[in-house]
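I opened this model to look up its charged pairs, its core and a few single residues. My entries follow in the order I made them.

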Amino acid sequence: RPLGRGWPFATEMFSSVVRAVVRPLVRAVSSAQDVKTLGVVGVGQMGAGIAQVAAQVAKLQVLLMDGDRNKLEKSLKNIDTLLEKNVAQGRLTREEKDQT
């Protein structure tokens, strides 16, 4: 299948990123008790995913940085949309979403 085309590819890629990057990152950060804030440079799909999981699972304050303000705002809106979907599906409470 062509690289980067279609929703199944994006879902598969996101799952691979979560397995390879995000889970080990959350485990490492969760075990480092002095870590309170995580900075993420670049808010593409991977950066936004890392930021969301670090905030939601590891309960860290996350600072997002990107040279393109429009991209940053779009990424924040996408994260909020994903959190809203999790609330609607019962995976997350409204309070957990607001804390994230």
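**Entry 1. Salt bridges**

I count a salt bridge when a side-chain nitrogen of Lys or Arg lies within 4 Å of a carboxyl oxygen of Asp or Glu. The model is a predicted one, and by that rule I get four salt bridges.

I took Arg69 and Glu73 to begin with. Their side chains meet in a salt bridge, N to O 3.2 Å. Both residues sit in helix α3, which covers residues 69-88, and they are four residues apart, so about one helical turn separates them. I looked up the exposure of each partner. Arg69 is exposed, at 61% relative accessible area, while Glu73 is partly exposed at 42%.

**Entry 2. Lys97 and its partners**

Next I went to Asp80 and Lys97, whose side chains form a salt bridge with an N to O distance of 2.7 Å. This pair links distant parts of the chain: Asp80 belongs to helix α3 and Lys97 to helix α4 (residues 94-99), with their positions 17 residues apart in sequence.

Is Lys97 buried or exposed? Lys97 counts as buried, because its relative accessibility is 11% and the cut-off for buried is under 20%. Asp80 has a relative accessible area of 35%, and I noted Asp80 as partly exposed.

Lys97 also meets Glu84 in a salt bridge, at 3.3 Å from N to O. Glu84 lies in helix α3 and Lys97 in helix α4, so this pair ties together parts that are 13 residues apart in sequence. Glu84 is partly exposed, with 28% relative accessible area.

I then checked how these residues join up. Asp80, Glu84, Arg94 and Lys97 are linked in a network of salt bridges.

**Entry 3. Overall layout**

I stepped back to the whole chain. I find four helices and two strands in the protein, and along the sequence they follow the pattern α-β-α-β-α-α.

The protein has 100 residues, and buried ones make up 30% of them. The exposed area comes to about 7000 Å², of which carbon and sulfur atoms supply 55%. I also looked at contacts between residues at least 6 apart in sequence: 52% of these join residues at least 24 apart.

**Entry 4. The nonpolar core**

Which residues have the most contacts inside the largest nonpolar core? They are Leu38, Val40, Leu60, Leu64 and Ile79, in a core of 15 residues. Strand β1, helix α2 (45-56) and helix α3 each supply at least two residues of this core.

I picked Val40 from that list and looked up its contacts. With neighbours within four places in sequence left aside, Val40 is in contact with Gly47, Ile50, Ala51, Val62, Leu63, Leu64 and Met65.

**Entry 5. A nonpolar patch on the surface**

I turned to the outside of the model. Val41, Leu63 and Met65 form a nonpolar surface patch, and together they have about 300 Å² of accessible area. Val41 is found in strand β1, which covers residues 37-41. Val41 counts as exposed, because its relative accessibility is 69% and exposed means over 50%.

I note that Leu63 and Met65, both members of this patch, are also among the contacts of Val40.

**Entry 6. Ser75**

I looked up Ser75 in helix α3. Ser75 is buried, with 5% relative accessible area.

What does the side chain of Ser75 reach? Its target is the backbone oxygen of Val43, at 3.4 Å. Not counting residues up to four places away in sequence, Ser75 touches Val43 and Ala48.

**Entry 7. Lys71**

My last entry concerns Lys71, which is also found in helix α3. Lys71 counts as partly exposed, at 40% relative accessibility.

I set Lys71 against Val43, the residue already noted as touching Ser75. Lys71 and Val43 are 28 residues apart in sequence, and their C-alpha atoms are 7.1 Å apart in space. Leaving aside neighbours within four places in sequence, I find Lys71 in contact with Val43 and Asp66.

Key:
Residues numbered from 1 in each chain as written. Predicted model: local features only at pLDDT ≥ 70, side-chain atom pairs only at ≥ 80, totals over all residues. Heavy atoms only, no water. Buried < 20%, exposed > 50% of the residue type's maximum accessible area, 1.4 Å probe, protein only. Patch = residues over 30% accessible without salt bridge, like charges linked within 9 Å, V, L, I, M, F, W, Y side chains within 5 Å. Areas by Shrake-Rupley, 256 points an atom, 1.4 Å probe, with all protein chains shown as cover. Core = buried A, V, L, I, M, F, W, Y, C linked by side-chain atoms within 4.5 Å. Contact = heavy atoms within 4.5 Å. Polar contact = N/O pair within 3.5 Å; in protein donor to acceptor, adjacent residues only side chain to side chain.
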